[in-house]
Amino acid sequence: MPSPAIDRRKSWGTTALAVVLGIGTGFALRPLTSPGSAHPAAYSSQASEVPASIAGAGIQTSGATKLRSRTTEDGLTFSRKQWRELQRKSPALQIDLADCLLWQRTIETPVENDPGWGSDGYSTKKTDGGPALEPITAFLGLDETKEERLRETLKRFGERLRQIERENAQLEYRSDGTARIGFGGEIASRHEAFDRLDGELVESLGARDASRFLAATRLLPDEATADAIELKVSMTGNFLSMAIPGSIEAIVPRDSGSIPKDMFMRVQHLGLDIDWRRLVEEAEAKASKR
Amino acid sequence: MKTIWKALAGWTAGIAVGWSLAGLRTTETKSPEVTATRVGSLFPIRSQDDQIQIDKVGFTKAVGLSFTSGLSCERYAGPGATPPTGHTVFTTSLGLDSRQAEAFHRIFKEASEARLAWEKENARVKEIAPGEWEIQIPGDGGTADRQLMEKLTQAFGRELAQPIELSADLDGFFNLEEIDPDFRHGTLRLRTRHEKMEGPLASTFPPDHVRVAVQSEDKIVTFHLGDGSLSGNQLGWRLGRLIGGDQVIRDSAPDHVLGGTN
């Protein structure tokens, strides 16, 4: 029969063994239960600042963009050469949504009054045939077949969106120098047009290039896919500013008497008779009250 | 029975101790990947197997920033711009604190000064006609790039140097971007002329008007000296130093009459 002293020793021995085993288990368990498993505890507070997209296995969109489609679910990957080109020459890669809607091409030619002494400005000409795709196809390295498919995709998208927007555009003045062009109950059709473009791009170019195409050309910035187009005229000192998000802002002297409305290509396909004069007068009235 | 409870309690306590120890262990392990993304948290960008990965929001910021901040050699070493306009935008976007931003500025300024000094020493300049020069800028074998990257890595560690390199377009930092964002070395032709206006518009024309044209292959960039100084134009300032400065250009500029009576 074992003595009580031996019993006690055995009991403490078992406990000690359990503690040692426990330490081992805890040590082994912790890294397995930490999110991302390899994230050091010291960095945990900072790691929480890391967007989930980066901390996880792949890079994903943060959800700030309005399109919820296949191409926006992945992050973007570029070769170093492409990245360099984006940083140095990205305006050349951009495609204007208006050029798709009106299926036109904007050609800028330098004007040289004195050959050899540089250009004195640019002349702009519009021709048929949709936007120039050469810069972006060279950037993505697309072959002729893909370029042709891309052109057809953009043409179909331009026609579809033009029709939806033209048939449903409703102009509403707000009496403060601003106006809004809404699209009535056809918001869903517009979204569908954007999503279809996205889907067709994936089909013609593959998901990766479709995603790079949309990012590099900035064809669909958030303003383009927003539910309404906002027009705004404002006065700063003696200058009038006329703006449509996503288009170049027109700034003209107040007394110039001319309103360069032709430059707002983004709304030209709507066939609306926008009363810019009224917006200018409202903006002037608003500025004089200040 | 008591022994079982003791063992169970011991095991539980052991897990807790083990858990804490595991935490201590991991705090000592640095994961470069996490550090890199933490640093670039305002600007999530990374490079893997020579592929640049970035999310869409970061993309818009990064590409926009490379245009708006315009980090370039002349802006750090040139006259008037210390620190250059885009510097703060850039360092803020990268999430650098003020001490890091200061180090960033010092490194870029010193690298720019070193590069411009090298250019002055190594560029070959030949006057080919009155008011016309040929400037040959040789390649430096990537020395300026390499040294800048080394200094950034020393100061910020590899993890931070990478997002800086990728978002600042360091490869293009020393380029003569007004001629072409890719132009680093090659041959340029600089011509200048003193323009005078005759006829009805004569009174509206500035009295002391010097025009400069810089040509690289088929591309021509022009600017005016205006107030008589090259310092207002970065490219003019950078090339002017190689020729001998504003005054040499002004003195050599032949007269050219614009307009006329018809």
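What follows is a walk through a predicted model of two protein chains, A and B.

Start with the overall make-up. Chain A has 12 helices and eight strands, while chain B comes with nine helices and eight strands. Of the 290 residues in chain A, 39% count as buried; for the 262 residues of chain B, the buried share is 48%. Contacts can also be sorted by how far apart the partners sit in sequence. In chain A, 59% of the contacts with a separation of 6 or more link residues 24 or more positions apart, and in chain B that share is 61%. As for the surface, chain A exposes about 15400 Å², with carbon and sulfur atoms supplying 51% of it. Chain B exposes about 12800 Å², and here carbon and sulfur atoms account for 52%.

How far can chain A be trusted? Its mean pLDDT is 76, and 74% of its residues reach 70 or more. Two stretches at the start of the numbering call for caution. Over residues 1-10 of chain A, pLDDT stays under 50, and the model gives this stretch one contact beyond four places in sequence. Residues 13-73 of chain A also stay under 50, yet for them the model has 111 contacts beyond four places in sequence.

Now for a sheet that brings the two chains together. Three strands form an open sheet in the order β1(A)-β2(B)-β1(B), with antiparallel pairing. Its edge strands are β1 of chain A (76-79) and β1 of chain B (45-48), each of which pairs on one side only. From one strand to the next, the twist averages 25 degrees. The link across the chains is made by four bridges between β1(A) and strand β2 of chain B (residues 51-54), which run antiparallel. Within this pairing, Phe78(A) stands opposite Ile52(B) in β2(B). Helices pack on the sheet too. Helix α10 of chain A (residues 207-217) touches β1 of chain A together with β2 of chain B, and its direction makes about 90 degrees with that of β1(A). Helix α7 of chain B (residues 143-168) packs on the sheet as well, touching β1 and β2 of chain B at about 100 degrees to the direction of β1(B).

Chain A also has a hairpin to look at. Strand β4 (residues 170-173) and strand β5 (residues 178-182) of chain A run antiparallel and are joined by four bridges. One residue to pick out is Glu172(A), whose bridge partner in β5(A) is Arg180(A). Four residues lie between the two strands of this hairpin, and in the turn Ser175(A) has a positive phi of about 65 degrees.

Another strand of chain A, β7 (residues 239-243), holds Ser241(A). Is this serine buried or exposed? Ser241(A) counts as buried because its relative accessible area is 9%, which falls under the 20% cut-off. Leaving aside residues up to four places away in sequence, Ser241(A) touches Lys232(A), Val233(A), Ser234(A), Glu249(A), Ala250(A) and Ile251(A).

Last come the cysteines. How many disulfides does the structure hold over all chains? The count is zero. Two cysteines are still worth finding on the model. Cys100(A) has a relative accessible area of 1%, so this residue is buried. Cys73(B) is at 0% relative accessibility, so this one counts as buried too.

Methods: Residues numbered from 1 in each chain as written. Chains lettered and ligands numbered in written order. Predicted model: local features only at pLDDT ≥ 70, side-chain atom pairs only at ≥ 80, totals over all residues. Heavy atoms only, no water. Pairing = 2+ DSSP bridges. Axes fitted to C-alpha atoms, helices over the stretch in contact; angles between N-to-C directions. Contact = heavy atoms within 4.5 Å. pLDDT = per-residue confidence, 0-100. Disulfide = S-S within 2.5 Å. Buried < 20%, exposed > 50% of the residue type's maximum accessible area, 1.4 Å probe, protein only. Areas by Shrake-Rupley, 256 points an atom, 1.4 Å probe, with all protein chains shown as cover.
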